[in-house]
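Subject: Structure handover

Hello,

Here is the structure for you to take over. Please open it alongside this note.

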Amino acid sequence: MKKDIKNLIVLPLAVLLFGSCSTDFVETPPTGLDVVENYYRNQSEAFNGLVSVYDLMRKNSGGFENMITMFNAGSDDQFAGGGNSSDGAGIQSFSNYTINPNTIPRSYFKDYYRGIYRANLLLVKIPTTVMDENLKTRYIAEARVLRAYYYFQLVTMFKNIPLILEPLSADRFYNVTQADPAEVYAQIELDLTESIANLPMTVNVATDGGRLTQGSARAILGKVYLYQNKNTQAATELAQVNGTPGGVSQYGYSLLNNFNDLWSFSNKFNSESVLEVAHSAQGSSWGNWGGNSDEGNTVNQMVGPRSYLKLGAGAPDLPSGWSFNVFTEDFHTFIQGDPRAAATLLDVKALKTAGQADYIGAYQDTGYFLNKFMPKMSDVYSGPGDAVLNYRQNTYAIRLADTYLLEAEALGGTGTRAQALLDAVRSRVGLPSVAVSLATIKDERRRELAGEGFRWFDLVRWGDAPTKLGGRGFVAGKNEILPIPAFDLQGTQLVQNPGYPN
């Protein structure tokens, strides 16, 4: 959230919450300090605590181990790419389904638990904080919704996870066991349903851009219901988010007129944004890359072509990248003729053939690059730190076209409203109506949301992953969830997920 909540972090809370330890799954406070006991005394300190809970939203697109590039790599639309077959063991092994407890990066399991720990700590401390009671109620609601979102991310990735609702010390960690997924989902629903009314309908994006609202919390709840096949409840929640298809919802959401505008680095917290992850250029460097003080968007660097060189006026002026997440030939064929194709996929191979540009083809190169997150030379940071780590494009965890299509899916892909929702997404880019069905909704999600990190989760939710990903090595009954990192099993009561070695 830039001019946002994240800019206001102060050193004492950084000392308290940003360190790590051998059991950073639960992020125990550093020993020898009394900061925890002395903190959360007033509104300023409570606000800083809330900031630290929001901080883990950066997992979507910050650092090498981000959600977008990882889950793009596991889909049928993109390869891992990168420099070579060993460029990131986690992303490579997920892309070819050799992933195992030793190759999966620990951060996908532990990072969201860091956010959960911070939420739990704030929720324990804030009742005694001296501050306005209405504001306190809002902070509690925000912390609970963020905790719910982080648990949703964890349960959809790993399924069998611990449910921790209070700050745990290191000695208690080793006795933690996994909860029934139904219990985790029930807690997620409880946190959301008890918090929505205590959030504002809208926020001033100039000062509070990125903070939770009733609309963003309802959108999360709608997804939570849909992932459990509670379609009636999902449709009800998502309808409140969406309002009249193509219009302005009660929360002020509306589709942008121009699809291309969604990907402008400066178009932050726009009317289509429901839940947005904030990035800024603040001097990030290799020393803090992927850590709590790293504010840059790493997806921007990862998806660019290696050693790119503009040769002619017909080529865009791009910085060089790392060649991750190249699109497959199958997706290139699928997106042809769609008005969103140019904003989604940049055919650098064609530019090279035409003598307009040059680049070095990297691992699994197809020449088809992810244009939604492709920076221009004008986006390159020139301040202190390392330029490649300081891109500032925000990313969408949830946007309105997504919730339109989720609601249409929850409605079973039939009926007047489902048709109107599908039509609104298509008409925004000048496409004619097609008869609504689950098949047309699936195709529309593939086109509209390509490269945004949702495709793998869609395929798993629909039960289509074995068919679509079998050629990659996907095994039904195993690869719908990720292995728990081996390190996080050592000396604990946790049990490895089925199909993976202990």
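Below is what turned up, first on the packing and then on the cavities.

One caveat: this is a predicted model.

Nonpolar cores

The largest nonpolar core has 107 residues. Seven names to look up there are F71, Y150, Y151, M157, F158, I161 and I188, which touch the most other members. Helix α7, residues 133-158, supplies the largest share of this core, at 14 residues. There is also a second, separate core of 21 residues. Among its members are V303, F327, A341 and A343.

Y151 is a good place to start looking. Setting aside neighbours within four places in sequence, Y151 contacts Y113 and I116 as well as I161, P162, L163, I164 and L165. Its other partners on that count are V184 and I188. I188 also appears in the list of core residues that touch the most other members.

Cavities

Seven cavities of 30 Å³ or more are present. The largest has a volume of about 220 Å³. Its lining counts 20 residues, and Q153, K223, G453, F454 and F457 lie nearest its centre. Two or more lining residues come from each of α4 (67-73), α7, α11 (214-227), β6 (395-399) and α20 (455-462).

Which element gives the largest share of that lining? It is α7, with four residues. So what is the lining made of? It divides into 11 nonpolar, four polar and five charged residues.

Helix α7 is thus worth a look on both counts: it gives the largest share of the largest core and the largest share of the lining of the largest cavity.

Best wishes

Technical notes
Residues numbered from 1 in each chain as written. Predicted model: local features only at pLDDT ≥ 70, side-chain atom pairs only at ≥ 80, totals over all residues. Heavy atoms only, no water. Core = buried A, V, L, I, M, F, W, Y, C linked by side-chain atoms within 4.5 Å. Buried < 20%, exposed > 50% of the residue type's maximum accessible area, 1.4 Å probe, protein only. Contact = heavy atoms within 4.5 Å. 1 Å grid on protein atoms, 1.4 Å probe; cavity = no way out; pocket = protein on both sides within 12 Å on 5 of 7 lines; lining within 4 Å. Points joined across faces, edges and corners; volume = space filled by probe spheres on them. Nonpolar A, V, L, I, M, F, W, Y, C, P; charged D, E, K, R; others polar.
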